[in-house]
Amino acid sequence: MRQPTVRTTKIFTFDAAHFLPGHEGKCAQMHGHTYRLEVTVERKDGGVATGGPEDGMVIDFGRLSALIKDRVVDKLDHKVLNDCFPFRPTSENMARHIFIELSAILANEDVNVVRVVLWETPTSYVEVTA
Ligand SMILES: Nc1nc2c(c(=O)[nH]1)N=C([C@H](O)[C@H](O)COP(=O)(O)OP(=O)(O)OP(=O)(O)O)CN2
Ligand SMILES: [Zn+2]
């Protein structure tokens with residue numbers, strides 16, 4: 001039987017302001033969101049670690065959390081997103097950027113980023129997959 005793939009997800013929130021230059025509606029004005037970021041990873045072999053401190057885990061939730069929080073979330077929390085990126089801070093652009101950035105950060109680990117979901121409002125989200 002083909003082995004199932006095991007995936008591990010951590011979820012974060014951060015508060016930030018932005019505006020969308022050229023937007024034809026209200027989003028051209030500065031406004032804020034509580035963003036929700038979901039990051040899903042899997043090991044290169046699709047399974048879990050065997051032996052060592054992460055035995056039975058794709059990656060320790062706490063270690064994954066610390067990496068993402070330090071390198072991504074804390075840099076965006078309570079910031080003006082237009083100052084953080086060289087592109088228009090739409091959810092699509094930010095989610096794709098975060099996916100690429102996290103892929104580089106986790107390159108030294110045994111895991112690949114397979115999914116990033118960025119919720120901009122309770123009714124609007126963007127999904128980026130491998
Ligand atoms: N495809 C995208 N469309 C819009 C983006 C975006 O990043 N990608 N961003 C915005 C604005 O920033 C806005 O804050 C979010 O828009 P919207 O979901 O329309 O927000 P509402 O709270 O007004 O949504 P309702 O559920 O209709 O109340 C605009 N578009
Ligand atoms: Zn917005």
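1. The sheet. In this predicted model, five strands form an open sheet in the order 3-1-2-4-5, and their pairing is mixed. Strand 3 (79-80) and strand 5 (124-129) are the edge strands, each pairing on one side only. When looking at the structure, start from one of these edges and follow the order across.

2. Pairing of strands 1 and 2. Strand 1 (7-18) and strand 2 (31-43) are antiparallel and are joined by twelve bridges. A residue pair to look for here is Thr 9, which stands opposite Thr 40 in strand 2.

3. Pairing around strand 4. Strand 2 also pairs with strand 4, again antiparallel, through eight bridges. Within this pairing, Glu 38 has Val 117 of strand 4 as its bridge partner. Strand 4 covers residues 111-121 and runs antiparallel to strand 5, with six bridges between them. Trp 119 stands opposite Tyr 125 in strand 5.

4. Helices against the sheet. Helix 3 (residues 91-105) packs on the sheet and touches strand 2, strand 4 and strand 5. The direction of helix 3 makes about 155° with that of strand 4. Helix 1 (residues 61-76) lies across strand 1, strand 2 and strand 3, and runs at about 20° to strand 1.

5. Order along the chain. The chain has three helices and five strands. Read from the N terminus, these elements follow the pattern β-β-α-β-α-α-β-β. Among the contacts in the chain with a separation of 6 or more, 62% are between residues 24 or more positions apart. The C-alpha trace spans about 55 × 30 × 25 Å along its principal axes.

6. The nonpolar core. Which elements each supply at least two residues of the largest nonpolar core? The largest core has 19 residues, and the members that touch the most others are Val 39, Val 41, Ile 98, Leu 102, Val 116 and Leu 118. Strand 2, helix 1, helix 3 and strand 4 each supply at least two residues of this core. As background, nonpolar side chains in soluble globular proteins tend to be buried together. Over the chain of 130 residues, 20% count as buried.

7. Leu 118 as an example. Leaving aside neighbours within four places in sequence, Leu 118 is in contact with eight residues that can be picked out one by one: Tyr 35, Leu 37, Ser 91, Met 94, Ala 95, Ile 98, Tyr 125 and Val 126. One of these, Ile 98, is also listed with Leu 118 among the core members that touch the most others.

8. The surroundings of ligand 1. Ligand 1 is surrounded by Leu 20, Cys 27, His 31, Thr 90, Ser 91, Glu 92, Glu 120, Thr 121, Thr 123 and Ser 124. By class, this shell has two nonpolar, six polar and two charged residues. Helix 3 and strand 4 each supply at least two residues of the shell.

9. A backbone angle to check. Where is His 78 found? His 78 is in the loop between helix 1 and strand 3. Phi of His 78 is near 60°, a positive value in a residue other than glycine. Most residues other than glycine have a negative phi. Is His 78 buried or exposed? His 78 counts as exposed because it has 10 C-beta neighbours inside 10 Å, and the cut-off for exposed is 12 or fewer.

Note on methods. Residues are numbered from 1 along each chain as its sequence is written. Chains are lettered from A and ligands numbered from 1 in the order in which they are written. This is a predicted model: local features need pLDDT of at least 70, side-chain atom pairs count only at pLDDT 80 or more; totals for chains, interfaces and linings use all residues. Two strands pair if DSSP finds at least two bridges between them. Helices (H or I, at least four residues) and strands (E, at least two) are DSSP runs, numbered from the N terminus. Two residues are in contact if their C-beta atoms, placed from the backbone, lie within 7 Å. Axes are lines fitted to C-alpha atoms, for helices over the stretch in contact, and angles run from 0 to 180 degrees between N-to-C directions. A residue is near a molecule or strand if its C-beta atom, placed from the backbone, lies within 6 Å of it. Ala, Val, Leu, Ile, Met, Phe, Trp, Tyr, Cys and Pro count as nonpolar, Asp, Glu, Lys and Arg as charged, and the others, Gly among them, as polar. A nonpolar core is a set of buried Ala, Val, Leu, Ile, Met, Phe, Trp, Tyr and Cys residues joined through C-beta atoms within 7 Å.
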